[in-house]
Amino acid sequence: MNRFISNNLIPGLIFLLCLVQIVAAGQLEYSTANRNVNSSSLQDEPGDDTGPIGSSPPGPKIDCNFACARRCVMASRQNLCIRACGSCCLKCQCVPTGTFGNKEMCPCYASIMTHGLKPKCP
């Protein structure tokens with residue numbers, strides 16, 4: 001009888017352990033995100049453009065949604081273009097002007113490749 005009970009409990013215990021791991025990972029991610037937000041808000045005081053000692057001043061923030069919408073306005077597959085452009089913009093904080101080409105304006109944007117070694121950014 002004890003063997004029957006222990007064999008039925010094993011799948012439930014495995015499920016419970018997996019659930020605990022998922023919840024713990026989510027809380028860790030949430031606390032890390034909050035820590036980043038809190039530390040960046042300390043540097044945003046007026047007149048304090050220096051940031052932490054030894055770091056370079058932050059570059060201008062770009063509105064990726066607007067820049068990618070402008071870049072992809074002529075694309076035949078706008079949703080795909082905007083999604084790819086958005087991930088490139090977040091990484092590089094730069095989007096070339098115009099609807100095509102001009103990638104020399106943003107070397108980071110031009111250098112990102114897909115797994116198939118094709119340019120990722122439109």
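## The Cys92–Cys108 link

Let's start with the disulfide between Cys92 and Cys108, which is left-handed, with -70° about the S-S bond. This is a predicted model, and in it the two sulfurs of Cys92 and Cys108 sit 2.0 Å apart. The pair links distant parts of the chain: Cys92 belongs to helix H3 and Cys108 to helix H4, with their positions 16 residues apart in sequence.

Are the two ends buried or exposed? Cys92 has a relative accessible area of 15%, so it falls under the 20% cut-off and counts as buried. Cys108 comes out at 33%, which makes it partly exposed.

## The Cys88–Cys121 link

Helix H3 holds a cysteine of another disulfide too: Cys88 is joined to Cys121, S to S 1.9 Å. Here the torsion about the S-S bond is -95°, and the link is left-handed. Cys88 lies in helix H3 while Cys121 is in the segment after H4, so this pair ties together parts that are 33 residues apart in sequence.

Cys88 is buried, at 1% relative accessibility. Cys121 is buried as well, with 2%.

## Cys72–Cys81 and the overall pattern

Now for Cys72 and Cys81, which form a disulfide with an S to S distance of 2.0 Å. Which way does this one turn? The torsion about its S-S bond is about -75°, so the disulfide of Cys72 and Cys81 is left-handed. Both of these cysteines are buried.

How many disulfides are there? The count comes to 6. If you number the bonded cysteines along the chain, the pairing reads 1-7, 2-5, 3-4, 6-12, 8-11, 9-10. As a reminder, a disulfide is a covalent bond between the sulfur atoms of two cysteines.

## Two residues with positive phi

Back to the stretch that follows helix H3. Gln93 sits in the loop between helix H3 (78-92) and helix H4 (107-111). Its phi is near 55°, a positive value in a residue that isn't glycine. Gln93 has a relative accessible area of 30%, so it is partly exposed.

Asn102 is also placed in the loop between H3 and H4. What is its phi? The angle is about 60°, positive even though Asn102 is not a glycine. With 30% relative accessibility, Asn102 counts as partly exposed.

Notes
Residues are numbered from 1 along each chain as its sequence is written. This is a predicted model: local features need pLDDT of at least 70, side-chain atom pairs count only at pLDDT 80 or more; totals for chains, interfaces and linings use all residues. Side-chain values use heavy atoms; hydrogens and water are left out. Helices (H or I, at least four residues) and strands (E, at least two) are DSSP runs, numbered from the N terminus. Buried means under 20% relative accessible area, exposed over 50%, partly exposed in between (1.4 Å probe, protein chains only). A disulfide is a pair of cysteine sulfur atoms within 2.5 Å.
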